[in-house]
Amino acid sequence: MIGILGAGSLGRLWAALLPQDQVAFLPRPDARPAATSLSYTFESVNEIRQTITRPWLQSAENLTLLLVTTKAGDTLTALQHWLPQIPESVPAVLFQNGLGSQQAVAATWPERPILAASTTEGANRPEPDRVVHAGTGETWVGALTREARSAVSGVVSQLGSSGLVVHGEDQILVRLWQKLVVNAGINPFTAILDCPNGDILATEFFLDHIDPLCSEIARLMAAEGIGTPTAGELRQRIETVARNTARNTSSMRGDILNGRRTEIDFINGYLVQLGQRLEIPTPVNQLLTDKVKQLSPH
Ligand code: NAD
Ligand code: KPL
């Protein structure tokens, strides 16, 4: 049985697409569900609607795989409740954006098979009981702990049974960094300016800050041994994604608009923390983090 911890947009996407009799949701400890299963409408990328019903698991004993689809800030707490009840050999795949939460989980349970996934699938939940697969993408999965190395190919084939494109990735940290760069260069600008992704590109605020932001990130990447992209290359990557997703509301803008906590601490906030550890100044990441925090109620 594949357990899904985090019954939000991404968790429900995987639950809808993985083989029906092999998936169940793990409930939040603070909100034991009244019903035995969770039902919702799922809208595929081809706009085909179907009703999905998957059970809430009462016990984690029979799990063979755990997909963790909570937000970055909830992940450690969610796992602290569930992992002690799950056999130590069960692989756990972390789907969070940004960085910091993955390392915290791997450092807390170094003896467990902990993997990270980076996905460009897009799912959202315009209403509580409706999940939309807004865009197809690809998913890369790689080991964070030593114990996870031998689990990667099995996890890739289990996730691939969803019909989504899933690859094994030897350099999962590099892959997570590549996504982090894009999120750090788009998400806070869209949240602060309250606009879709593409609209940031012509604003004075973006044009004033993007080059120094990319220089900070390039220095951090080089110091971390992640690669040696130039600031110009990073800017190009950010602007390409902003253009390709021009009408999208970023996840961070969506969080602010819906009064939810953002993942800023795991995106630009992570870069600030890393800069402090490496003694690399990160004033633009700090400014963006502070401004997003001022907008967030949490
Ligand atoms: P979401 O807010 O829709 O879902 C998170 C779910 O976790 C919520 O249902 C929440 O109730 C649940 N949760 C919170 N604390 C919990 C706990 N202690 N125990 C159990 N459940 C708990 O978020 P999402 O959009 O599904 O994103 C999840 C993660 O995946 C984020 O880190 C996001 O950046 C990443 N991601 C999302 C997408 C996407 O398309 N939605 C794509 C790539 C990456
Ligand atoms: O991943 C994204 C997000 O919104 O978090 C981008 C790539 C910016 C697309 O909206």
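Two strands count as paired when DSSP finds at least two bridges between them. Keep that in mind for the sheet exercises below. One caution before you start: this is a predicted model.

**Exercise 1. Find what stands opposite T119, and work out how the strands there pair.**

Step 1: Start at T119 and look across to β10, where T139 stands opposite.
Step 2: Now take the strands as a whole. β7 covers residues 114-119, and this strand pairs with β10 in the antiparallel sense.
Step 3: Check the bridges against the cut-off. Pairing needs at least two, and β7 and β10 have five.

**Exercise 2. Go to β10 and work out how this strand pairs with β11.**

Step 1: β10 spans residues 138-143. Take E138 and look over at β11: the bridge partner is V165.
Step 2: Get the direction. β10 and β11 run in the parallel sense, with four bridges between them.
Step 3: Put this beside the previous exercise. β10 has an antiparallel pairing with β7 and a parallel one with β11, which fits a sheet described as having mixed pairing.

**Exercise 3. Lay out the sheet in strand order and pick out its edge strands.**

Step 1: Write down the order, β2-β1-β5-β6-β7-β10-β11, which makes seven strands in an open sheet.
Step 2: Look at the two ends. β2 (23-26) and β11 (165-168) are the edge strands, since each pairs on one side only.
Step 3: Add the twist, which averages 25° from one strand to the next.

**Exercise 4. Describe the surroundings of ligand 1 and its polar contacts.**

Step 1: Collect the neighbours. There are 22 residues around ligand 1, and those that come nearest are S9, L10, R28, A123 and E263.
Step 2: Look for polar contacts, using a cut-off of 3.5 Å between N or O atoms. A polar side-chain atom of E263 sits 2.6 Å from a ligand 1 oxygen. L10 uses a polar backbone atom instead, at 2.8 Å from an oxygen of ligand 1. The side chain of N97 places an N or O atom 3.0 Å from a ligand 1 oxygen.
Step 3: Ask how covered the ligand is. On its own, ligand 1 has 830 Å² of accessible area, and the protein covers 85% of that.
Step 4: Trace the shell back to its elements. α1 (9-17), α2 (72-82) and β8 (122-127) each give at least two residues, and α2 has the largest share with three.
Step 5: Sort by class: nine polar, seven nonpolar and six charged residues.

**Exercise 5. Do the analysis for ligand 2.**

Step 1: The residues around ligand 2 are N97, K179, N183, I186, N187, N197, V241, N248, S250 and S251. Notice N97 there, whose side chain also has a polar contact with ligand 1.
Step 2: For polar contacts, go to the side chains. S251 has an N or O atom 2.6 Å from an oxygen of ligand 2. For N183 the distance from a side-chain N or O atom to a ligand oxygen is 3.0 Å, and a polar side-chain atom of N197 is likewise 3.0 Å from a ligand 2 oxygen.
Step 3: The protein covers 84% of the 290 Å² that ligand 2 has accessible on its own.
Step 4: Helix α5 (residues 172-193) gives the largest share of this shell, four residues. By class, the shell has seven polar, two nonpolar and one charged.

**Exercise 6. Explain why the R261 and D74 pair links parts that are distant in sequence.**

Step 1: Confirm the bridge. The side chains of R261 and D74 meet at 2.9 Å, N to O, within the 4 Å cut-off for a salt bridge. The structure holds 14 salt bridges.
Step 2: Place the partners. R261 is in the loop between α8 (251-257) and α9 (268-278), while D74 is in helix α2, so the pair ties together parts 187 residues apart in sequence.

Key. Residues are numbered from 1 along each chain as its sequence is written. Chains are lettered from A and ligands numbered from 1 in the order in which they are written. This is a predicted model: local features need pLDDT of at least 70, side-chain atom pairs count only at pLDDT 80 or more; totals for chains, interfaces and linings use all residues. Side-chain values use heavy atoms; hydrogens and water are left out. A residue is near a molecule or strand if one of its heavy atoms lies within 4 Å of it. A polar contact is a pair of N or O atoms within 3.5 Å; within protein, one must be able to donate a hydrogen and the other to accept it, and residues adjacent in sequence count only if both atoms are side-chain atoms. Accessible areas come from the Shrake-Rupley method with a 1.4 Å probe; for residues, only the protein chains shown count as cover. Ala, Val, Leu, Ile, Met, Phe, Trp, Tyr, Cys and Pro count as nonpolar, Asp, Glu, Lys and Arg as charged, and the others, Gly among them, as polar. Axes are lines fitted to C-alpha atoms, for helices over the stretch in contact, and angles run from 0 to 180 degrees between N-to-C directions.
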